[in-house]
Amino acid sequence: MASIDLDKVLDKAWADKSLPEILQAPVSALKGVSDRDGELLDQAFGVKTVADLAGLKYARWAQALAALDTTAK
């Protein structure tokens, strides 16, 4: 079972929310992602929510390529 420290990945306002609420939150709920970053993700890729970002095929492709990299340390 996967786990994650929500305090490390979410802005404080979202750390106590349920997973369904977090997934429907704007991407700016993620620590380090500004409202402007969210606007740009929406303009470029139609990403509005954390769930949209998780499902973004380009991000998934990049993760798959990184996982194949046997030279990474």
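**Two buried loop residues, an open helix and a surface patch**

Let me begin with Ser28, which sits in the loop between α2 and α3, and let me say at once that what we are looking at is a predicted model. Although Ser28 belongs to a loop, its relative accessible area is 13%, and because the cut-off for buried is under 20%, Ser28 counts as buried. Which residues does Ser28 touch, if we leave out those up to four places away in sequence? They are Asp11, Val33, Ser34 and Asp35, and with one of these, Asp35, the side chain of Ser28 also makes a polar contact of 3.2 Å.

The second loop residue I would like to show is Thr49, which lies between α3, residues 35-45, and α4, residues 50-54. Is Thr49 buried or exposed? With a relative accessible area of 12%, Thr49 is buried, and, again not counting residues up to four places away in sequence, Thr49 touches Leu23, Gln24, Ala25, Pro26 and Val27. There is a polar feature here as well, since a polar atom of the Thr49 side chain lies 3.0 Å from the backbone nitrogen of Asp52.

For a contrast, please turn to Lys12, in the loop between α1, residues 6-9, and α2, residues 19-23. Lys12 has a relative accessible area of 80%, and because the cut-off for exposed is over 50%, this residue is classed as exposed. If we ask how far the C-alpha atom of Lys12 is from that of Ala67, the separation is 30 Å, for two residues that are 55 residues apart along the chain.

That brings me to helix α5, which covers residues 57-68. Its twelve residues should span 16 Å at 1.5 Å a residue, and the end C-alpha atoms are 17 Å apart, so the expected and computed values agree. How many of the twelve residues of α5 are buried? The number is zero, and the helix therefore lies largely in the open.

Finally, I would draw your attention to the surface, where Phe45, Tyr58 and Trp61 together make a nonpolar patch of about 350 Å². Phe45 is found in helix α3, and at 42% relative accessibility this residue counts as partly exposed, because that value falls between the 20% and 50% cut-offs. On the general geometry, an α-helix has 3.6 residues a turn, so residues three or four places apart point the same way.

Definitions and conventions: Residues numbered from 1 in each chain as written. Predicted model: local features only at pLDDT ≥ 70, side-chain atom pairs only at ≥ 80, totals over all residues. Heavy atoms only, no water. Helix = DSSP H or I, 4+ residues; strand = E, 2+ residues; numbered from the N terminus. Buried < 20%, exposed > 50% of the residue type's maximum accessible area, 1.4 Å probe, protein only. Expected span 1.5 Å × (residues − 1). Polar contact = N/O pair within 3.5 Å; in protein donor to acceptor, adjacent residues only side chain to side chain. Contact = heavy atoms within 4.5 Å. Patch = residues over 30% accessible without salt bridge, like charges linked within 9 Å, V, L, I, M, F, W, Y side chains within 5 Å. Areas by Shrake-Rupley, 256 points an atom, 1.4 Å probe, with all protein chains shown as cover. Salt bridge = Lys/Arg side-chain N within 4 Å of Asp/Glu carboxyl O.
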